[in-house]
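Colleague: I'd love a close look at one part of this model, the place where the two chains meet. Could you walk me through that part and then show me what lies around it?

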Amino acid sequence: MTDEIRIISIEIENYRQYYGKQIVEFPDRDNGFSVIVGDNGAGKSNILNAINWCFYLKEPHKSKNTGNYIINKKYFEELENGHIGMMAIKIKLKKNNDEYHISRILSVVKNEFQYEEREDGKVLNISEVEGYFLPTGSEVLSSESSFKIMVKEKGFKEFHPIETVRSDTLMNEILPALLAPYFLLDGEYLEKFWEDLSRVKTGVESISQLNLLSTASEHLSKMKSSVPVIGSSQIDRLTKDIKNLERYENSLDINGNEQWSKLERYGYDPSSGTSEYYHASGYPKIDELDKDIQKMKLRLNEITKEFSESNIEMVKRLNKELQTTTKAFDGMKSQLEQAKKLFIHAQIHYGPIFFLKNSFKKVVDFVEELRIKGELPYESKMIFTKDLLDLGKCICHADLKSKKDKKGNETNESRINVEKVRAAMANDQGLDYALKMVNSFNEKILRDPVKFITKSFESPEKNYYGLKKQFKNIVADLGEVKRKLLDIGDTNVDKLTEDHDYVVNLIEESTKTIGEINDKIHDNHRDIRDFKSDRTTLMNKDDKSKRIAFDQNVWENISKILDETLNSLKKEIRLDVQKRTFEIFEDTMYKQKVWDRFIIKENYTAELIDNRNVPSLGSLSAGEKLFLALSFISALKEITGYRFPLVIDTPLGRVSGKSRYLLSQALPRYLPNDQLLFLATGTEILEPILNWNDDPEGFPEKSFAELLEESVKMNYWSLNPDDSMTTINKFIPKWRKNESG
Amino acid sequence: VEKKLEYSVISKRILDKIDSLTENKSEQQMCKKILVYENQVHNVADLDFKERYKKILNDCFPYDGKN
C-alpha cells in the first residue's frame with residue numbers, strides 16, 4: 001500500500017459555479033496547509049463535489065445544487081444551439097514517487113432551451129439526461145464523456161495512459177472509492193460520524209484493507225465448494241454431504257439459490273409496504289442479526305433519550321409551571337383586591353373634595369380677609385396677653401403689675417381687666433380652626449389641583465386596570481397549563497416502555513440465535529474437515545480426480561492463511577485504533593481529562609466512557625464529536641500507514657471557540673506529513689475567535705488560521721462569485737499584510 | 001505498469017502477516033495476487049472471479065500431474 005498521496009492541483013472547467021478554467025495548485029506538506037475561503041453558496045462544497053465526480057462519478061453534496069444543472073450556466077447559455085459544450089475536472093495526484101493525471105470530461109450538445117410559463121415568470125425546464133441534470137433537450141455525448149488516468153513514473157519525463165480493461169477499477173488502486181467518506185469530509189459529516197456505527201467498521205476494515213481479506217475469503221469458500229461430480233459413488237457422496245453442510249453456512253438451497261426465512265427483519269415498517277426477511281441460516285443470518293442488533297441498540301438509545309424528553313419530564317415541567325403560575329395568580333389576586341379598594345375609596349373620599357373645590361376657595365378667601373384685618377389666631381392672642389401680664393405693662397402704657405391685698409386678691413383693675421379678657425378668649429379658637437382648614441384645603445387641592453386629580457383618581461384607576469389586565473393574562477396562562485396537563489396523559493411513557501421491553505427481548509433472542517448458529521457452524525466445520533480428509537484420500541487414489549484434489553488442497557491452504565490473517569489483524573488493528581484514537585482525542589482535549597477510555601468492540605460498536613464509568617459518546621458537544629471523529633481518522637492513517645489527503649468542507653460550523661483553539665493546536669501535531677485542505681467561510685477561519693465559552697485563562701483573540709500559522713505555514717485562496725461565474729484567486733490575509741507593512 | 005502496481009497497493013501489515021503465517025513462497029505469492037485482484041475489482045459488480053482465481057492458482061501452483 002502507498003505511503004503518501006497528495007493532490008498536486010485541481011483544474012475545474014465550466015463545472016457548476018466555475019466559469020472557464022480555474023486552477024488551484026497546492027503546496028506540498030513542507031509548505032503547510034491550504035484554505036479555500038468562500039461565503040455560503042460561493043462553491044466550496046462543489047470543490048468537494050468536483051473531486052468526487054472526477055474520481056468516482058459522484059456528487060455527494062448534490063442536494064445543495066437543487067435547481068441548477070451541472071455545466072456552468074453562463075457558459076452554457078452563451079453557447080450556440082447545436083454546438084457541443086464541454087465541462088471538465090482534471091486532478092493531478094502524487095502517490096509516492098509517481099504522478100497521476102486523472103481527468104473526466106462531459107460533453108453535451110446544446111439545443112434550444114425549453115421554458116415553462118408560470119405565474120411568476122418563465123422557468124427553464126431541467127430534466128435528467130443520462131444521469132445528469134441538464135436543460136431539457138440537451139444531449140449527452142457518452143462517447144466523448146471520458147475518464148482517463150495517465151501516469152508518470154519516477155525517472156520518466158512523459159505521462160502515458162495506464163492500460164487496463166476497466167479504467168474505473170484503477171482508481172481503487174490509487175484512492176479507493178470506499179475511502180472517499182474518510183478523506184473528502186464535511187464538518188456536518190464528522191459531527192454526525194458516531195451516529196452511524198457502521199462507519200467505524202467500514203473505516204477500520206476498508207482503510208486497513210481487511211475488507212479485501214473478507215471478500216477473498218468468501219470467494220475462496222466458493223472455490224472450495226466447486227467440486228464437480230467425479231463418478232465415484234464414495235467421493236460424490238462425500239462431496240454431496242460437504243455441500244449440504246456448507247449450504248447451511250451460506251444459507252443456500254440445493255440449487256445454490258439464497259434461502260430465506262419467514263422471520264421479518266427488525267426496523268422494517270409493514271405499513272410502508274417495505275419489509276425484509278432474514279436469511280434462513282449461517283453467516284448471512286448472523287450478519288443480518290448483528291446489523292439489526294446495532295439498530296436495536298441505537299433504538300434503545302433513542303428510547304432512553306425520548307424517555308428523558310417524554311411525558312415524565314413534560315409533566316414535571318408543566319407541574320412546575322402550574323405551581324409558579326398559581327403562586328403568581330394568588331399574589332396578583334390580593335394585589336388586585338387592594339387596588340380595587342383603593343380605587344373605590346379614592347372615588348368616595350376625594351370625589352366630594354373635588355366637587356367642593358369652589359366652596360373651599362371662598363372659605364380661604366374669607367379667612368385671608370380676616371387675617372389681613374388683624375384678627376389674631378387663638379394661640380397668638382394667648383401668648384400676647386401672657387406676655388403683657390408677665391411684663392406688667394400694657395401697650396397703652398397702663399400698669400399691669402400685680403397688686404394683691406392681705407387676702408391675696410388682685411387689686412390692680414387694669415390687670416384684672418386683661419385677665420378677664422384672656423379668660424373670655426379661653427375657648428374661642430374659631431379662627432385657628434379656620435386657618436387649619438385653609439391650610440388643609442390648600443394642601444389637598446387648591447395649591448395644585450392637577451396633582452390632586454392625578455393622585456386621587458388617575459393613579460388608582462391606572463393601577464387597578466393595569467393589574468386587572470395582568471391578572472387576566474395569568475388566568476389565561478393558568479388555564480393553558482391546566483389544559484396541557486389534562487391533555488398529556490401517560491400514553492407516550494406507556495408506549496416507550498412497551499417498545500423498550502420489546503427491543504430488549506429482541507436483542508436477547510437475536511443474540512441467542514447467533515450463538516445457536518455459531519454452534520451449528522462449529523459442528524459443521526468439524527464434519528466438513530473429516531469428510532474432506534476422507535475425500536482427499538479417495539481422490540488421490542484416482543488419477544481422474546487427482547488434479548481436483550490438488551486444486552482443493554491449494555484452495556484450503558490459501559483460505560486458511562487468509563482467514564488467519566483476517567482474524568488476527570482484525571483484532572490487532574481494532575485494538576491499535578482504539579488505543580491511538582483515545583490518545584489523540586485526550587491530547588486534543590487539552591486539560592479536560594474527563595474521559596477514562598474509548599472502546600471499539602468486536603462488532604465495531606464504539607463507546608467513550610467517562611471518569612464516572614458512564615458511556616458519554618451521545619452527550620459530547622458538536623466540537624468534541626468532531627474531534628473524536630478526526631482522532632479516529634488520524635489513528636487509522638497512522639496505524640495503516642495510508643496517508644491520504646484530507647479535504648474538509650465547513651469544518652468549524654458548529655464548533656465553539658475553545659474547541660477551535662484546541663483543534664488549531666492539535667492538527668499540525670497529528671497531521672505532520674499529511675495534506676490538509678479546508679473549504680471554509682471567512683467567519684470560520686479568518687475572523688478572530690470570540691465565543692470562548694466559560695474557559696480558560698487568556699486564550700488569544702486570534703483567528704483559527706492565525707493560530708494554525710503559529711506552527712504551520714498556511715496558503716489561502718478565495719472564491720469570488722459573480723453572476724454564475726466563481727473565480728478562484730490566491731490572497732494574503734490582512735494580518736500578514738499588516739506584518740509586512 | 002500493471003506489474004509495478006501489484007503488491008505495493010496492499011497494506012504492508014497484511015503482507016507481513018501473510019509472510020509470518022507461511023514460509024511457502026508460492027502460497028505467499030498466491031495470497032498476495034488474490035488480494036491485489038480483490039483490491040482492483042472491489043465495488044465492481046458482475047465480475048467472474050472464478051476464472052481469475054483459477055489463473056492465479058495455475059500461475060503459483062502449476063500442476064504437472066505428479067503432485
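Modeller: Happy to. In this predicted model, chain B and chain A bury about 3900 Å² between them, and 66% of that area is on carbon and sulfur atoms. Counted by residues, 36 from chain B are in contact with 47 from chain A. Three residues stand out on the chain B side: B:Arg13, B:Gln40 and B:Tyr63 supply 17% of the area that chain B buries against chain A, more than any other three residues.

For a single residue to zoom in on, try B:Lys17, which is found in helix 2 (residues 12–21) of chain B. Is this lysine buried or exposed? With a relative accessible area of 17%, B:Lys17 is buried, because the cut-off for that word is under 20%. Its side chain makes a polar contact with the side chain of A:Glu572, at 2.8 Å. Leaving aside neighbours within four places in sequence, B:Lys17 is in contact with A:Thr565, A:Ser568, A:Leu569 and A:Glu572.

Staying with chain B for a moment, you may wonder about cysteines. A search of the whole structure finds zero disulfides over all chains. B:Cys31 is in no disulfide, and the nearest cysteine sulfur, that of B:Cys60, is 8.9 Å away. B:Cys31 counts as buried, at 0% relative accessibility. In chain A, A:Cys54 is buried too, with a relative accessible area of 0%.

A:Cys54 brings us to chain A and its helix 1, which covers residues 44–56. To place that helix, start with the sheet. Six strands of chain A form an open sheet in the order 13-18-19-3-20-21, with mixed pairing. At the edges are strand 13 (184–186) and strand 21 (727–730) of chain A, each of which pairs on one side only. Direction ignored, neighbouring strands of this sheet are turned by 20° against each other on average. Helix 1 of chain A packs on the sheet and touches strand 3 (33–37), strand 13, strand 18, strand 19 (676–680), strand 20 (714–720) and strand 21 of chain A. The direction of helix 1 makes about 145° with that of strand 18 of chain A. As for the edge at strand 13 of chain A, this strand pairs with strand 18 (residues 646–649) of chain A in the parallel sense over three bridges. There, A:Leu184 stands opposite A:Val647 in strand 18 of chain A.

A little further along chain A comes helix 6 (residues 198–207), which is mostly covered: seven of its ten residues are buried. They are A:Arg199, A:Val200, A:Gly203, A:Val204, A:Glu205, A:Ser206 and A:Ile207. Just after helix 6 of chain A, A:Gln209 takes a positive phi of about 65°.

That backbone angle deserves a word. Most residues other than glycine have a negative phi. A:Asn14 is not a glycine, yet has a positive phi of about 55°. A:Asn14 sits in the loop between strand 1 (5–13) and strand 2 (21–25) of chain A, and counts as buried at 4% relative accessibility. A:Ser251, also not a glycine, has a positive phi of about 55°. The place of A:Ser251 is in the loop between helix 8 (233–250) and strand 14 (260–264) of chain A, and at 0% relative accessibility A:Ser251 counts as buried.

Terms used. Residues are numbered from 1 along each chain as its sequence is written. Chains are lettered from A and ligands numbered from 1 in the order in which they are written. This is a predicted model: local features need pLDDT of at least 70, side-chain atom pairs count only at pLDDT 80 or more; totals for chains, interfaces and linings use all residues. Side-chain values use heavy atoms; hydrogens and water are left out. Two strands pair if DSSP finds at least two bridges between them. Helices (H or I, at least four residues) and strands (E, at least two) are DSSP runs, numbered from the N terminus. Axes are lines fitted to C-alpha atoms, for helices over the stretch in contact, and angles run from 0 to 180 degrees between N-to-C directions. Contact means heavy atoms within 4.5 Å. A disulfide is a pair of cysteine sulfur atoms within 2.5 Å. Buried means under 20% relative accessible area, exposed over 50%, partly exposed in between (1.4 Å probe, protein chains only). A polar contact is a pair of N or O atoms within 3.5 Å; within protein, one must be able to donate a hydrogen and the other to accept it, and residues adjacent in sequence count only if both atoms are side-chain atoms. Buried area is the accessible area (1.4 Å probe) that two parts lose on being put together, summed over both.
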